[in-house]
Amino acid sequence: MTSNYAPDGATQLEIYKRVALLKANDERSRKVIMNGRLVMPYYSYRGQEVIPSAMAAALTDDDYWVTIYRGIHDMLAKGMPLNDLWAEIAGRVDGTCKGKGGPMHLTYPKKGIMVTTGIVGSSMPIANGIAWGSQLSGNDRVTVATFGDGASNIGAFHESLNLAAVWKLPVIFLCQNNLYGEHTTYEKATSAKRVADRAAAYNMPGVRVNGNDPIEMYAAAREAVERARAGEGPTLIEAMTFRFHGHVFGDADAYMDKAQKKAAMEADPAPIFRARLIAEGIATEEELSAIEAAIEVQLDEAVEFALASPFPELDELTKDVYAEGVVA
Amino acid sequence: MSDTATKTKPVTILQAINTAIADAMEADSSVVVLGEDVADPEDGGVVGVTKGLSSRFGDHRVRSTPIAEQAIIGAAIGASLVGYKPVAEIMLMNFTTVAMDMIVNHAAKLRFMSGGQTNVPIVVRTMTGTGFGSGGQHCDYLEAWFAHTAGMKVVAPSNPADAYGLMRAAIDDPDPVLYIENLPAYWTPGAPPETGHVVPLGKAKVVKEGTDVTIVSYSRVLNEAVAAVEAMEAAGVSAEIIDLRTISPWDRETVFTSVAKTGRCLIAHEAVTQFGVGAEIAATLQSEFFGKLKAPIGRLGAPYAPVPFSKPLESAYAPDAKRIAEAAISLKK
């Protein structure tokens with residue numbers, strides 16, 4: 001991996017702030033669900049925090065991101081405010097989508113968060129279109145499409161990579177390879193040894209990186225961003241990681257290899273990153289603890305804000321179907 | 001040629017659609033076109049509907065795509081999210097099946113699921129229709145699927161002026177519109193549209209006034225209904241013919257006004273009858289006019305079968321003027 005884009009200390013700290021936020025948010029989400037205060041389908045991203053944190057650090061607020069149902073970490077990394085997020089996943093009127101989208105359809109265009117799709121693979125065709133818009137406008141905005149390893153087996157992946165390469169679109173295909181597509185292992189479902197290898201078929205660069213390593217992940221992200229901004233076209237990044245929990249929170253994850261899972265959790269990227277920042281003198285224990293404590297306070301506030309927010313009025317059922325209201 | 005002569009010279013539906021897109025592109029630089037073979041090096045579309053556009057507006061705004069319907073509609077959706085008004089061509093209506101996820105799960109729903117933060121102002125142009133011996137996968141009328149999808153609008157013009165006006169309205173509509181073109185009717189001539197002529201979505205047109213039976217139709221079959229007038233008149237049946245033009249949202253007011261007058265209604269379309277657009281209209285009418293109808297509401301569509309290849313079978317598949325006349329006459333008996 002090229003080190004042209006190794007993050008400096010300040011950038012690493014920015015990445016860590018996101019990692020800490022994402023990790024704490026996941027832990028809080030599971031706790032609130034377990035306490036029965038919130039009912040929702042929850043797709044835990046615990047273990048995958050470094051990938052969007054490093055990717056987002058390589059972007060600006062003007063850049064776009066399209067994600068999937070396991071995407072709350074992506075959205076938080078890109079800047080969705082906690083209050084808006086929590087009110088949305090609680091189905092409340094103060095949610096970013098007025099409670100009508102929920103955890104699988106988070107949207108926040110103010111920070112470039114354009115679509116969250118619940119359909120495997122469908123982030124990519126739409127990301128292409130957003131990137132086409134940037135190309136048409138002549139602006140230098142980059143669009144990121146995230147998806148899992150399972151999505152690399154669906155038609156939309158192949159149609160999208162082909163079109164993006166043919167049109168040289170400023171788009172980054174960011175595969176978060178957590179080794180499981182729903183309940184099925186990567187090897188059982190995927191013919192390619194590496195998702196990144198599939199890029200060759202579409203004549204674009206494909207790189208596999210350790211997505212849990214913030215330095216490696218950031219360097220790959222920056223390189224792809226620079227390439228896209230320079231008009232050189234798309235990149236496929238396969239970021240290796242591991243999903244600490246089952247497909248949907250609450251499933252017994254009996255299909256996951258126990259030893260593999262144990263090893264992955266022992267190699268939890270968040271505390272490793274944290275320890276390294278301190279060891280290398282990038283931050284002190286006190287500074288990081290203060291950051292983490294502030295996040296907990298923000299989460300306290302966000303959860304209470306969300307649960308105190310009213311549910312939408314029933315007339316919202318037929319609003320936003322069309323611009324002019326329901327016409328049927 | 002004088003201006004007047006230009007305006008009175010008949011044009012085809014194909015020319016009217018082409019002119020409508022060109023005029024929209026001229027008026028608004030955010031209008032872009034994409035689809036298989038749509039640019040001029042690829043002949044401006046398989047039947048030439050978009051001919052001349054890429055030469056006039058540039059390869060950037062008029063792009064031929066790979067044969068990849070999900071990618072086409074995805075690209076249209078994405079561009080629409082950031083301010084463009086894409087006109088995407090899905091060559092044949094049967095090929096929309098390949099892009100159903102993009103159309104139904106995304107284009108139709110993003111406004112709602114985002115709580116109104118985003119919208120998808122795209123036009124999906126698609127052609128279909130029996131008559132050319134295309135068999136079972138190239139000429140279905142699938143409009144009921146899309147009309148059944150909240151968030152979609154569906155239009156199907158029957159003549160050049162409406163084709164132009166509906167296209168201009170569809171391009172400027174803030175929500176996704178499926179625009180159905182009939183292949184055999186592309187070369188049907190008609191009065192030319194005025195430049196800038198807009199046919200508002202959701203507005204039907206009474207094509208012919210009558211007193212005995214209301215016939216509701218759209219697309220090519222509407223013209224079959226018009227062709228049936230003579231036979232109906234000969235049998236003493238005065239038909240009022242309504243061109244729905246927009247299938248969803250459909251113009252209840254115009255249809256209700258007519259049925260209130262005639263007390264009878266026949267809905268005719270090329271799609272299979274079962275679970276079709278006719279069923280929705282018939283159900284709504286029976287609810288509105290229960291006890292006031294002079295005859296059961298009639299529905300005329302294709303049999304519940306795929307489109308056949310063999311010519312006699314294909315000819316018997318979609319309603320024609322003869323069957324429409326017979327059905328309308330039987331309602332008055």
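Reader: How many residues of domain 1 of chain B are in contact with residues of domain 2 of chain B, and what makes two residues count as being in contact?

Author: In this predicted model, 24 residues of domain 1 of chain B are in contact with 24 residues of domain 2 of chain B. Two residues are called in contact if their C-beta atoms, placed from the backbone, lie within 7 Å, so each of these residues has such a partner across the boundary.

Reader: Where do the two domains of chain B lie in the sequence, and how far apart are their C-alpha centres?

Author: The domain assignment gives residues 3-190 to domain 1 and residues 205-332 to domain 2 of chain B, and the C-alpha centres of the two domains lie 26 Å apart. On the side of domain 1 that touches domain 2, the elements that give two or more residues are helix H7 (143-147), strand S6 (153-155), helix H8 (160-172) and strand S7 (177-182) of chain B. The residues of that side divide into 13 nonpolar, 7 polar and 4 charged.

Reader: Which elements of chain B give two or more residues to the side that touches chain A?

Author: There, 37 residues of chain B are in contact with 34 residues of chain A, and the elements in question are helix H4 (69-81), helix H5 (100-107) and helix H6 (110-113) of chain B. Of these, H4(B) gives the most, with 9 residues, while the whole side of chain B divides into 18 nonpolar, 16 polar and 3 charged residues.

Reader: How do you know that strand S4 and strand S8 of chain A pair?

Author: Two strands pair if DSSP finds at least two bridges between them, and strand S4 (residues 171-177) and strand S8 (residues 235-240) of chain A have 6 bridges in the parallel sense, so the pair meets the requirement. In S8(A), the bridge partner of Ile172(A) is Thr235(A).

Reader: Why are strand S2 and strand S7 of chain A said to stand at the edges of the sheet?

Author: The open sheet of 6 strands in chain A has the order S2-S1-S3-S4-S8-S7, with parallel pairing. Strand S2 (113-117) and strand S7 (206-210) each have a single partner strand, so one side of each is left without a neighbour in the sheet. From one strand to the next, the twist averages 20°.

Reader: What does UniProt list for residues 19-313 of chain A?

Author: An unreviewed UniProt entry lists this span as "domain: Dehydrogenase E1 component". In the model, the span is 44% helix and 13% strand, and its end C-alpha atoms lie 36 Å apart.

How values were computed: Residues numbered from 1 in each chain as written. Chains lettered and ligands numbered in written order. Predicted model: local features only at pLDDT ≥ 70, side-chain atom pairs only at ≥ 80, totals over all residues. Helix = DSSP H or I, 4+ residues; strand = E, 2+ residues; numbered from the N terminus. Nonpolar A, V, L, I, M, F, W, Y, C, P; charged D, E, K, R; others polar. Axes fitted to C-alpha atoms, helices over the stretch in contact; angles between N-to-C directions. UniProt positions renumbered as here; feature names shortened; annotations may be inferred. Domains from an automatic or database assignment.
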